[in-house]
Amino acid sequence: MNPHEAGFAPDLPDRLKAPAAELHGLVIMKDGRLVLEQYGEGEDHSWEISHGVVDFGPDTLHDLRSVTKSVVSLLYGIALADGLVPEPHEPLLAHFPEYPDLAADPRRAALKVEHALTMTLGLEWREDLPYTTPENSEIAMELAPDRHRFVLDRPIVSEPGESWNYCGGASAILARLVVKGTGEPLPEFARRRLFEPLGITRFEWMAGDDGIHSAAAGLRMTPRDLALLGQAVLDGGAGVIPSSWLEQALRPRVELGEGSAYGYQWWLGTGRPPTLSANGNGGQRLVLYPELGLVVAMTAGRYDDPDSWRAPQAVLDVLLEARTEA
């Protein structure tokens, strides 16, 4: 499908050259068909390990960082439909009997699975610090002898459900429930029940020194496959992700202000047109426009840069402008 057939100005590729210049990959789909695919060159990393300067292409895997969290949410929904993980309303610590001392704390006993899904655990967690220091809670979790106890044992700072705080530890807890319930490592369950049914055959899922795969930021995929995943979500699950779960996960659960809300590990834009998105450090983006039938997958390498959002946003702005004028 060329841009004009998809309802965009015919010079869309030229318009996108400047805003997309620092992206490593850009894939745009409309109504399930490829509209545009562009790749660039730049340095990529697997966490802190540099791959040097890479000439990216359709088959190049790329760090997705926190886009991983949204994929974990999809896996949770699949496992829930199979009856393998607890419902969102169930007490969280009841499913971690290995920590009886934590469950004995009445305030912690009030935690529900939904509080992990919405990042409203009310536990101390700081990810506003660089991901190169153990002062950052996600890095401290990676260094802890027991990452799940580390998360659930954080000091209580507010009542569960009272406030939202970005927390990779919440994703780790959800993934642990999936692993416990399915009896499979997270990548194996993902391969068998999500990726391969959608035609996605190549991916990597990085693990910490403890051998546990990172639910917060461990996934590596191609932009093309990331777009396929987004298309499945846009299509109501494509017979792979339960549509009932998507109805729950993609509903605004926490209002964040400025036209933004949070669902079950997914970001929701409540402006016009509304968006669903999975976002990752460095400019990784999967943005869905349900009303327009659009899927936009972007990868980039501006890790730990507070301005990494600018290039992806500029691409989206140009895309919508080109559609309006078509």
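Mentor: A residue is called buried when its relative accessible area is under 20%, exposed when it is over 50%, and partly exposed in between. Please keep in mind that what we are looking at is a predicted model.

Trainee: Why does A238 get the class that it has, buried, partly exposed or exposed?

Mentor: The relative accessibility of A238 is 42%, and because buried requires under 20% and exposed requires over 50%, a value in between makes A238 partly exposed. This residue lies in the loop between α10 and α11 (243-249), where A238 has a positive phi of about 55 degrees although it is not a glycine.

Trainee: What can be said about the phi of Q265, and how do you know whether Q265 is buried or exposed?

Mentor: Phi of Q265 is near 70 degrees, which is again a positive value in a residue other than glycine. As for burial, Q265 has 1% relative accessibility, and since the limit for buried is under 20%, Q265 counts as buried. Its place in the chain is the loop between β9 (260-262) and β10.

Trainee: What makes the pairing of S171 with Q265 a polar contact?

Mentor: The side chains of S171 and Q265 come to 2.6 Å of each other, and because a polar contact needs a pair of N or O atoms within 3.5 Å, that distance satisfies the cut-off. S171 is found in helix α8, and since its relative accessible area is 0%, against a limit of under 20%, S171 is buried. Leaving aside neighbours within four places in sequence, the residues in contact with S171 include K69, V72, M119 and Q265.

Trainee: Where else does Q265 appear, as part of a cavity lining?

Mentor: Q265 is one of the residues that line the second largest cavity, and among the others are S66, K69, S70 and N279. About 30 Å³ of space lies in that cavity, and its lining has three nonpolar, four polar and one charged residues.

Trainee: Why is that space called a cavity, and how many cavities of 30 Å³ or more are there?

Mentor: The structure holds two cavities of 30 Å³ or more, and the name is used because a 1.4 Å probe fits inside but cannot get out. The largest cavity has a volume of about 40 Å³, with R107, L111, I156 and P160 among its lining residues.

Trainee: How do you know on which side of helix α9 its buried residues lie?

Mentor: In α9 (residues 186-195), the buried residues are L186, P187, F189, A190, L194 and F195. They cover an arc of only 155 degrees around the axis, and therefore they are on the same side of α9. Among the elements that cover these buried residues are α2 (67-81), α8 (168-182) and β7 (219-221).

Trainee: What makes M221, in strand β7, count as buried or exposed?

Mentor: The relative accessible area of M221 is 0%, and because buried means under 20%, M221 is buried. Not counting residues up to four places away in sequence, M221 touches T60, L61, H62, L64, F195, I200, F203 and L226, and F195 is one of the buried residues of α9.

Trainee: Which bond joins R272 and P273?

Mentor: A cis peptide bond joins R272 and P273, with omega about -10 degrees, and P273 lies in the loop between β10 (267-269) and β11 (275-280).

Notes
Residues numbered from 1 in each chain as written. Predicted model: local features only at pLDDT ≥ 70, side-chain atom pairs only at ≥ 80, totals over all residues. Heavy atoms only, no water. Buried < 20%, exposed > 50% of the residue type's maximum accessible area, 1.4 Å probe, protein only. Helix = DSSP H or I, 4+ residues; strand = E, 2+ residues; numbered from the N terminus. Arc of directions from axis to C-beta. Contact = heavy atoms within 4.5 Å. Polar contact = N/O pair within 3.5 Å; in protein donor to acceptor, adjacent residues only side chain to side chain. 1 Å grid on protein atoms, 1.4 Å probe; cavity = no way out; pocket = protein on both sides within 12 Å on 5 of 7 lines; lining within 4 Å. Points joined across faces, edges and corners; volume = space filled by probe spheres on them. Nonpolar A, V, L, I, M, F, W, Y, C, P; charged D, E, K, R; others polar.
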